[in-house]
Each structure stands twice: as structure tokens, then as C-alpha cells.
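Please open the model in the viewer and keep the selection tool at hand. The tour begins with the whole chain and then proceeds from one selection to the next.

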Amino acid sequence: MSLLLERKLERRDDLTPDEREALREVLAGTVLKRAGEDIVSQDALVDCSSLVVDGFCARYRDLADGRRQFTQMNLPGDFIDLHGFVLKRVDHGVRALTDCIVAMAPHSRLKVLTARHPHLTRLLWLETVVDAAIHREWLLALGRQEALERMALLLCEIYSRLEIVGLARDFRFRFPVTQAEVGDFLGMSAVHVNRTLKVLREAGWLTWDGADIRILMWDRLAEAAEFNPAYLRLERLPI
């Protein structure tokens, strides 16, 4: 269950056999969440954190009139609410965009892990720091970038994050979300999403067939997005 998380952590620093075992022991089994279901409800009091084993989900905030903003896409290998370990009550929800398999990490087990494994604790802390960096990147994008630039940033980021855990290669990946869901993340209507994708296709920068995306001109896409992967902390630096 923890294999993808282990891959992601090892992209940043070494894991010992004991640390690998500790990650596996902290997980208490999996649950299936169907597309459209909440994995974590908005403003919920939580006593466990959730690791995405398979599927795509997104954090969200709703307004009283039903308008919704997805604030971050969560991918396989992500601890979607690790911060709930210390917050206890989360100020947002997490919605399954596809059918998702989620492994549960009770906070009682995380407390034992953090007491016994200081290096692993720092690596998990780094996960929350990177998480915050992703939010800052998107605060800038939503506030200042144009539609095409935001779309380019989304595609560059999702590819890079999937590549870390071995789910993307050769500029190809699967992204099984709807255009309406992309719009709820990028602050655009589904029609605007469709028009923006048409521009990218006609420019020859990518193909998007169903859930299958192939980036044909990575340099152009990254330049348009002003994508600098430093915020994802992909370097292998001991902590």
C-alpha cells in the first residue's frame, strides 16, 4: 500500500529498511471511495490521515450558494490530509474525482511513528512543506496567469508529480478527470477549458484523447506556464 509513497520519499532522500517497514505498519487497511464521494468532509474532525493508493481526488472549498473551488489535485502516492494529524479539524473537503483506493493511517500509529523515527518524521514533514508550496504556486497562477498559462502549469505539474511515482514517462500520462472538474480547479468554465485545450492541440503542443495525454512540446508548455519544478522539491538532498 505504501509503495508509491516510498518511491516519492526516496526521490528526495534515502529510506532505511526499518523506515520502509514503519511506513507499511502505519497503514491500517484500505477503503474504496467512488467518484463523487467525499474522502474527507469539509470541516471534519479527523483521527486518521489518508494515503491515495489509486485514483485521482481533489481538495475543495464550497461557498454557501454551491460554487466550488478545487484547491489542489491529489494523485496516487499523496498523503492527502497528513496535516490533519496536527490540525485535527480540517478546513476543507477532499472529493474523489475517480474511483479511489485510499489507505488509512490512524493518528495513533502516526504518533508512534514520529516518536520512533525522527528521519522519517522529517521526510513526512517535507511532504506537508511541499504541499504548501504547491498551494502558493496555484495562488499565484489563479491570481495572475491567463487561462492558457494555467492549463500549461496544470499539465506540467501533474506530469512531474506522476513521474515521481512511476505513473508517467516519455511525456505520456493518464489524467481521468472531466473538463468541468479541470474548470473547477483552474477557475474556468468547462467551455473555456475546451477552447483552451483546442488552442493547445492546434498549436501541436499536446494530444488529449479521453484520459490519455501526450505532451509533444514540453519546452513550449513549460515556458508558457513559467514552470519551475523547484517547488516540488524533486532534488535528492539529505534532510
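Select the whole chain and colour it by relative accessible area: of its 239 residues, 50% are buried. The model on display is a predicted one.

**The chain as a whole**

Switch to a cartoon representation, in which 9 helices and 10 strands can be traced. The radius of gyration is 18 Å, close to the 18 Å given by the globule rule for 239 residues, so the chain is as compact as a globular protein of that length. When the view is aligned with the principal axes, the C-alpha atoms fill a box of roughly 55 × 40 × 30 Å.

Next, display the contacts between residues at least 6 apart in sequence. Of these contacts, 74% join residues at least 24 apart. A surface representation may then be added: the accessible surface of the chain comes to about 11,700 Å², and carbon and sulfur atoms account for 52% of that area. If the charged side chains are selected, the chain shows 33 positive and 36 negative charges, and the mean positions of the two sets are 1 Å apart.

**Helix H1 and its surroundings**

Select residues 3-10, which form helix H1. Which residues of this helix are buried? They are Leu 4, Leu 5, Glu 6, Lys 8 and Leu 9. To see what these buried residues pack against, add helix H2 (17-26), strand E3 (48-54), helix H5 (118-144) and helix H6 (147-164) to the selection.

Proceed to Thr 16, which is placed in the loop between H1 and H2. Thr 16 has a relative accessibility of 37% and therefore counts as partly exposed. A distance label between the C-alpha atoms of Thr 16 and Leu 120 should read 9.2 Å, although 104 residues separate the two along the chain.

**Helix H5**

Keep helix H5 in view and select Ala 133, which lies in this helix. Its relative accessibility is 11%, so Ala 133 counts as buried. Draw a distance from its C-alpha atom to that of Arg 233: the two residues are 100 apart along the chain, and the separation is 9.3 Å.

Glu 137 is also found in helix H5. Which residues does Glu 137 contact, leaving aside neighbours within four places in sequence? The contacts are with Leu 153 and Tyr 231. For a further distance, select Asn 228, whose C-alpha atom is 9.9 Å from that of Glu 137, with the two positions 91 residues apart in sequence.

**The cysteine pair**

Select Cys 57 and Cys 100 and show their sulfur atoms. How many disulfides does the structure hold? The number is 0. A disulfide is a covalent bond between the sulfur atoms of two cysteines. For Cys 57, the closest cysteine sulfur is that of Cys 100 at 4.8 Å, which is too far for a bond. The cut-off for counting a pair of sulfur atoms as a disulfide is 2.5 Å. Both residues lie under cover: Cys 57 is buried at 0% relative accessibility, and Cys 100 is buried at 0% as well.

**Two loop residues with positive phi**

Turn to Asp 43, in the loop between strand E2 (38-40) and E3. Its phi is positive, at about 65 degrees, although Asp 43 is not a glycine. With a relative accessibility of 39%, this residue counts as partly exposed.

The next selection is Asp 170, in the loop between H6 and strand E8 (172-174). Asp 170 is likewise not a glycine, yet has a positive phi of about 55 degrees. Is Asp 170 buried or exposed? Its relative accessible area is 55%, so Asp 170 is exposed.

**The last stop: Glu 37**

Finally, select Glu 37, which is found in the loop between strand E1 (30-33) and E2. At 33% relative accessibility, Glu 37 counts as partly exposed. Not counting residues up to four places away in sequence, Glu 37 touches Val 94, Arg 95 and Ala 96. To end the tour, draw a line from Glu 37 to Gly 204: these residues are 167 apart in sequence, and their C-alpha atoms are 36 Å apart in space.

How values were computed:
Residues numbered from 1 in each chain as written. Predicted model: local features only at pLDDT ≥ 70, side-chain atom pairs only at ≥ 80, totals over all residues. Heavy atoms only, no water. Helix = DSSP H or I, 4+ residues; strand = E, 2+ residues; numbered from the N terminus. Rg over C-alpha atoms; globule rule 2.2 N^0.38 Å. Buried < 20%, exposed > 50% of the residue type's maximum accessible area, 1.4 Å probe, protein only. Contact = heavy atoms within 4.5 Å. Areas by Shrake-Rupley, 256 points an atom, 1.4 Å probe, with all protein chains shown as cover. Lys, Arg positive; Asp, Glu negative; His and termini not counted. Charge placed at Lys NZ, Arg CZ, Asp CG, Glu CD.
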